[in-house]
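Hi,

Here is the structure I said I would pass on. Have a look at it first, and then read my notes underneath.

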Amino acid sequence: MLLSAFRSWSVWITVAAVMLGCQTITASTTSRPRLMVMLPSDPMDAAVRDRFLRGFATGAHSVAACDAPMPAVRWQDIASRQSPLQLISPSSGIQLLVAPPSADLRAFAGVSRQRDLPILLPYQRGTSLSTLRGLEERQRLWPLVPSRLDDVRATVAAAMQEGWGRAMVVASPGAVEASVTDQFVDLYRLAGGHVETFEPTPVQRVDPLDQSRFNRFRDDMNWSWVSTVVVADHPDGPLASRLREAQQRGVFGGGAPETPNWVWLSVAEVLTSVPDVPWQQLGLQHPARGENWMEFQGAYQEQWGGPPDLLSAAGYDTARLLALVAAAPLPKTGDGAPDPMGWIDPDAPSVSVCEALQQRRAGQPLRLSSAA
């Protein structure tokens, strides 16, 4: 516990040291935007805070390397059951809010509406981004990390490249991975793949504790002779474990245990726990990332001595975006209100942070090269 606490404090000290030199300047300049960053405060979220802040500190260092200051930021803790609206008074003057990782989008959409705020979403994954599409406030909610759809699309492309064009999709009903099976099926079929099924739906949903349901899936596999099975479960999940044990005993017919091949729908971070088996397996080596990932990775490893992940990359991009927001007067909306994100041009060629700062000071629209 003491070591963990020390590490958290060391990250905060690094962030504070990077930003300390600009606090007095920005505090005395009333034209600077008022920025708030919310971070989760529950004990179980300590690792999330640490990873985000490490990335943020690396991003702040990249801004300092351009001889540019970081803006003053109001840091705000938020507990899992706490309303973000209660933490921002109408008189606070906050002009841009950075939501915590994996934020409740409906709650923050309410903040955007009631406090008239654009909101940066550093790290949202999975079904969260599907929720975003249905929100009226979506035009003022800015996600940094791409949808998991990009990861699913990459998995489909890799499977087809291997020649695995005929598959059966099996999902554990309670698994997170089960939320992307429909997307996988749609993309797989668009790519020319064939999904084999003996059910009314293309996805075989198998409760690993239901012996008769598992036996039915086993029989379907034997009848179909598919050479590939797509597994929507955590690698250590109950369904994946049972499937693995069954295939090792050769109960799926064909050339088992060497076949069928397995395609994992798990995120890259958890696939490190996949055990070695006699059959071929395919899964993401890493999630979808930005074009500046390699530069970020090198800077992060030099500063912290270990490899980064997508969450730390989101912290890195957040720091650089906040520096750009504060680098020049804010653009105006059609009705004359300040628009902290109005300088972004998603169709522009991406540029380095130093070039972006120059363009921002010149009042030019731009797109920053990102890591996440």
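Below is what turned up, starting with the pocket, then a pair of helices, then some backbone oddities. Please keep in mind that this is a predicted model.

**The pocket**

The largest pocket has a volume of about 490 Å³. If you want to find it on screen, go to P143, L144, R367, L368 and S370, which lie nearest its centre out of the 21 residues that line it. Three elements each give two or more residues to that lining: β5 (141-143), α10 (310-326) and β13 (367-368). As for the chemistry, the lining residues split into 15 nonpolar, 4 charged and 2 polar.

**Two helices that cross**

Helix α10 turns up again here, this time with α9 as its partner. When two helices pack, the usual description is the angle between their axes and the distance between those axes. For α9 (residues 293-304) and α10, the axes come within 11 Å and cross at roughly 95°. Angles from 65 to 115 degrees count as roughly perpendicular, so α9 is roughly perpendicular to α10.

Which residues make the contact? On the α9 side they are W293, E295, F296 and Y300, and on the α10 side L310, S312, A313 and Y316. By class, the contact has 6 nonpolar residues, 1 polar and 1 charged.

**Backbone oddities**

Some background for this part: most residues other than glycine have a negative phi, and most peptide bonds are trans. Here are the spots I would look at with that in mind.

- T259 and P260 are joined by a cis peptide bond, with omega at about 5°. P260 sits in the loop between α8 (238-248) and β10 (261-264).
- S102 is not a glycine, yet its phi is positive, at about 55°. You will find S102 in the loop that runs between β3 (96-98) and α3 (105-115).
- D116 is not a glycine either, and has a positive phi of about 55°. Its place is the loop between α3 and β4 (119-121).

Are S102 and D116 buried or exposed? The cut-off for exposed is over 50% relative accessible area. S102 has 55% relative accessibility, so it counts as exposed. D116 is at 55% relative accessibility, and therefore counts as exposed as well.

That's what I have for now. Shout if anything is unclear.

Cheers

Note on methods
Residues numbered from 1 in each chain as written. Predicted model: local features only at pLDDT ≥ 70, side-chain atom pairs only at ≥ 80, totals over all residues. Heavy atoms only, no water. 1 Å grid on protein atoms, 1.4 Å probe; cavity = no way out; pocket = protein on both sides within 12 Å on 5 of 7 lines; lining within 4 Å. Points joined across faces, edges and corners; volume = space filled by probe spheres on them. Helix = DSSP H or I, 4+ residues; strand = E, 2+ residues; numbered from the N terminus. Nonpolar A, V, L, I, M, F, W, Y, C, P; charged D, E, K, R; others polar. Axes fitted to C-alpha atoms, helices over the stretch in contact; angles between N-to-C directions. Parallel < 35°, antiparallel > 145°, perpendicular 65-115°, else oblique. Contact = heavy atoms within 4.5 Å. Buried < 20%, exposed > 50% of the residue type's maximum accessible area, 1.4 Å probe, protein only.
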